[in-house]
Amino acid sequence: MRYDVYTQACPSRLVLDRVADKWAVLILGRIDDEPVRFNQLRREIQGISQKVLSQTLKKLERDGLIRREVFATVPVTVEYSITDLGNTLADTIRSLARWAEANIEAVTAAQRCYDEAQS
């Protein structure tokens, strides 16, 4: 079957929706290096709430991009790691993050110019 993301009913749009989410990108970028615990993710991804982190992790797990492993410790330890499928996105996510960091000044300058022209 051939998919075309430009077609309204194409199911691949669901994948784009997931990976276009900023929290999903940041989580996948962080988990890419090594397995990470929930609280470590919450500390390292500043600005994400516990609820949003939990929801996003569940969605990424459901999509097969990350795996959740529970360790029978007191308290219970949960680690998240990237799957083989998730790894196929890793280079793209790293490139996107580097592009954002390298071009933020140009983007904000363009926004200022646009805003001034609209005034």
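Let me start with V76, which lies in the loop between β2 and β3. This is a predicted model, and local features are taken only where pLDDT is at least 70. V76 has a relative accessible area of 55%, so V76 counts as exposed. Leaving aside residues up to four places away in sequence, V76 touches V70 and F71. The loop belongs to a hairpin, in which five residues join β2 to β3.

Next, the two strands on either side of that hairpin. β2 and β3 run antiparallel, with six bridges joining them. One pair to look at is I66, whose bridge partner in β3 is I82. Also in β3 is S81. Is S81 buried or exposed? S81 has a relative accessible area of 15%, and the cut-off for buried is under 20%, so S81 is buried. Again without counting residues up to four places away in sequence, the contacts of S81 are I31, P35, I66 and R67. I66 therefore comes up twice, as the bridge partner of I82 and as a contact of S81.

Now the sheet as a whole. In what order do the three strands stand? The order is β1-β3-β2, the pairing is antiparallel and the sheet is open. β1, residues 36–37, and β2 are at the edges with a single partner strand each, so each has one side without a neighbour in the sheet. As a general reminder, strands of a sheet pair through backbone hydrogen bonds, in either a parallel or an antiparallel way. On the β1 side, two bridges join β1 to β3, residues 77–82, and these strands run antiparallel. There R37 stands opposite E79 of β3. Against the sheet packs α2, which touches β1, β2 and β3. The direction of α2 makes about 95 degrees with that of β3.

From α2 I move to α4. This helix has 13 residues. From its first C-alpha to its last, α4 reaches 18 Å, close to the 18 Å expected at 1.5 Å a residue. Which residues of α4 are buried? They are L53, T56, L57 and L60. These four cover an arc of only 105 degrees around the axis, which means that they sit on the same side of α4. The general point is that an α-helix has 3.6 residues a turn, so residues three or four places apart point the same way. On the other side of α4, the exposed residues are K51, K58 and R62. What do the buried residues of α4 pack against? Their partners are α1, α2, α3, β2 and β3. Just after α4 comes G64, with a positive phi of about 80 degrees.

The last topic is salt bridges. How many does a search of the whole structure find? The search finds five, and I will go through some of them.

One is between R18 and D63, with the closest N and O atoms 2.5 Å apart. This pair links distant parts of the chain, since R18 is in helix α1, residues 12–19, and D63 is in the loop between α4 and β2, 45 residues apart. R18 is buried, at a relative accessible area of 17%. D63 is partly exposed, at 29%.

Another is between the side chains of R30 and E34, at 3.5 Å from N to O. The relative accessible area of R30 is 16%, so R30 is buried. E34 counts as partly exposed, with 41% relative accessibility.

R30 also meets E44 in a salt bridge, here at 2.2 Å from N to O. That pair too links distant parts of the chain, with R30 in helix α2, residues 22–31, and E44 in helix α3, residues 38–44, 14 residues apart. E44 is partly exposed, at 42% relative accessibility. Because these salt bridges share partners, R30, E34 and E44 are joined into one network.

To go back over the main items: the open sheet has the order β1-β3-β2, and α2 packs on that sheet. α4 has its buried residues on the same side, packed against α1, α2, α3, β2 and β3. Salt bridges link R18 to D63 and join R30, E34 and E44 into one network.

Terms used:
Residues are numbered from 1 along each chain as its sequence is written. Side-chain values use heavy atoms; hydrogens and water are left out. A salt bridge is a side-chain nitrogen of Lys or Arg within 4 Å of a carboxyl oxygen of Asp or Glu. Buried means under 20% relative accessible area, exposed over 50%, partly exposed in between (1.4 Å probe, protein chains only). Two strands pair if DSSP finds at least two bridges between them. Contact means heavy atoms within 4.5 Å. Axes are lines fitted to C-alpha atoms, for helices over the stretch in contact, and angles run from 0 to 180 degrees between N-to-C directions. The expected span of a helix is 1.5 Å times one less than its number of residues. The arc is that of the directions from the helix axis to the C-beta atoms.
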